[in-house]
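Load the model in your viewer and keep the sequence panel open beside it. The stops below are meant to be selected in order.

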Amino acid sequence: FATRRYFSLNQVEHFDEDFLMDTAFYNRTGFTGAWTFSEINFYPKSTWLQRVHPFVFAKYARDRVQGGDEDFIHSGLRFNVTRQGFINFSHGRGHETWLGTKYRTGSDFNFFGNMQTLRWLNLSGNFREGPAIFYSETDPFQGRSRSFNVETTIQPNQHLSQNIEFNRVRFWNPDTGAEVYDVNILNSKTTYQFDKHFLVRVLAQYDSSRDTVLTDFLASYEFVPGTVVHAGYGSLYEKGFGSVEPVPGVGSPVDPRDKYLMVNRGLFLKASYLRRF
């Protein structure tokens, strides 16, 4: 249901225990639930503030695999501003069952924002902290999680586009204060469009949890829509290989485990032809 003032979206879903959908990102099965999202829109008379809309999201489900119920309610306030921007403040609280035990989930505080700050610069970011579950088959527990993300896209002209994204997730046990993990991931995407037919793209990713650097290079030439040739090269670098073997008469050797070594690489070619008749 949608009007200029009100918006509401509702859904009921059911998944059997034996349901399979390996090609999709959705990997939960064996549960039945319903959720609703509603908001009210206000339009202030302002030169920069375009819309204010408080919202609420609520969900209730029965998880037959984990043997329990789950519930979640998330409410907040979003401000839409000029330059295609918005700022979102919200709070969420709920419960989820894991191995027959119900745990708390949600976010004490959640922030999300995005804005085309300048003609050539887009900025976005989010932050959340709240209760979370350590999903272990043998020793699960109630934990806490904190995550934030910062992303920028720089496009100085019609040919060059540079996107950089940094993500950090920290999880710890609030009872002991012990940190379970702290992961940093840095993504970079550089695209240069020479003309409407030819482009070159470079991707790079750093993952602190695995000490890996992934690179991917792609050149693409599109003759006409649907007829295109791709050529790409990818490589994976990992840290922590090798062992230290001292050399007589030489000072402390460089630990090879402090270097990144290439452990995998690949080259691919792809061509497609579209014939209309």
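**Loop residues**

Start with Asp-211, which is found in the loop between β11 (198-207) and β12 (212-224); strands are DSSP runs of E with at least two residues, helices are runs of H or I with at least four residues, and both are numbered from the N terminus. Asp-211 is not a glycine, yet it has a positive phi of about 50°. Its relative accessible area is 27%, so Asp-211 is partly exposed (buried means under 20%, exposed over 50%, partly exposed in between, with a 1.4 Å probe and protein chains only).

Before moving on, note that this is a predicted model, in which local features need pLDDT of at least 70 and side-chain atom pairs count only at pLDDT 80 or more, while totals for chains, interfaces and linings use all residues. Residues are numbered from 1 along each chain as its sequence is written, and side-chain values use heavy atoms, with hydrogens and water left out.

Select Leu-99 next, in the loop between β5 and β6 (101-118). Leu-99 also has a positive phi, about 55°, and is not a glycine. Leu-99 counts as partly exposed, at 40% relative accessibility.

Then go to Gly-177, placed in the loop between β9 (160-172) and β10 (179-193). Gly-177 is partly exposed, at 47% relative accessibility. Draw a distance from its C-alpha atom to that of Val-263: the two are 86 residues apart along the chain and separated by 36 Å.

**The largest pocket**

Which residues line the largest pocket? Select Arg-28, Lys-59, Glu-70, Asp-71, Phe-72, His-95, Glu-96 and Thr-105. A pocket here is found on a 1 Å grid over the protein atoms alone, using a 1.4 Å probe: it is an open set of points with protein on both sides within 12 Å along at least five of seven lines, and lining residues have an atom within 4 Å of a point. The space in the largest pocket is about 150 Å³, where grid points are joined across faces, edges and corners and the volume is the space filled by probe spheres set on the points.

Colour the lining by class to show five charged, two polar and one nonpolar residue. Asp, Glu, Lys and Arg count as charged; Ala, Val, Leu, Ile, Met, Phe, Trp, Tyr, Cys and Pro count as nonpolar; the others, Gly among them, count as polar. Strands β4 (68-81) and β5 (85-98) each supply at least two residues of this lining, and β4 gives the most, with three.

Stay on Glu-70, in strand β4. At 9% relative accessibility, Glu-70 counts as buried. Its C-alpha atom is 11 Å from that of Ala-34, with the two positions 36 residues apart in sequence.

**Around Arg-28**

Keep Arg-28 and add Asp-63, which lies in strand β3. Asp-63 is buried, at 6% relative accessibility. The side chains of Asp-63 and Arg-28 make a polar contact at 3.1 Å (a pair of N or O atoms within 3.5 Å; within protein, one must be able to donate a hydrogen and the other to accept it, and residues adjacent in sequence count only if both atoms are side-chain atoms).

Now add Phe-31: Arg-28 lies over the face of this ring, at 4.6 Å from the ring centre. For such a placement, NZ of Lys or CZ of Arg must be within 6 Å of the ring centre and within 35 degrees of the ring normal. Arg-78 lies over the face of Phe-86, at 4.4 Å from the ring centre.

**Aromatic pairs**

How many aromatic pairs does a search of the whole structure find? It finds 21. Rings of Phe, Tyr and Trp (its six-membered ring) pair if their centres lie within 6.5 Å; planes under 30 degrees apart count as stacked, over 60 as edge-to-face and the rest as tilted. Select Trp-35 and Phe-57: their ring centres are 5.7 Å apart and their planes are at 35°, so the pair is tilted. The pair links distant parts of the chain, with Trp-35 in strand β2 (residues 31-40) and Phe-57 in strand β3 (residues 49-63), 22 residues apart. Trp-35 is buried, at 18% relative accessibility, whereas Phe-57 is partly exposed, at 22%.

Finish with Tyr-192, Phe-194, Phe-198, Tyr-221 and Phe-223, which ring pairs link into a cluster.
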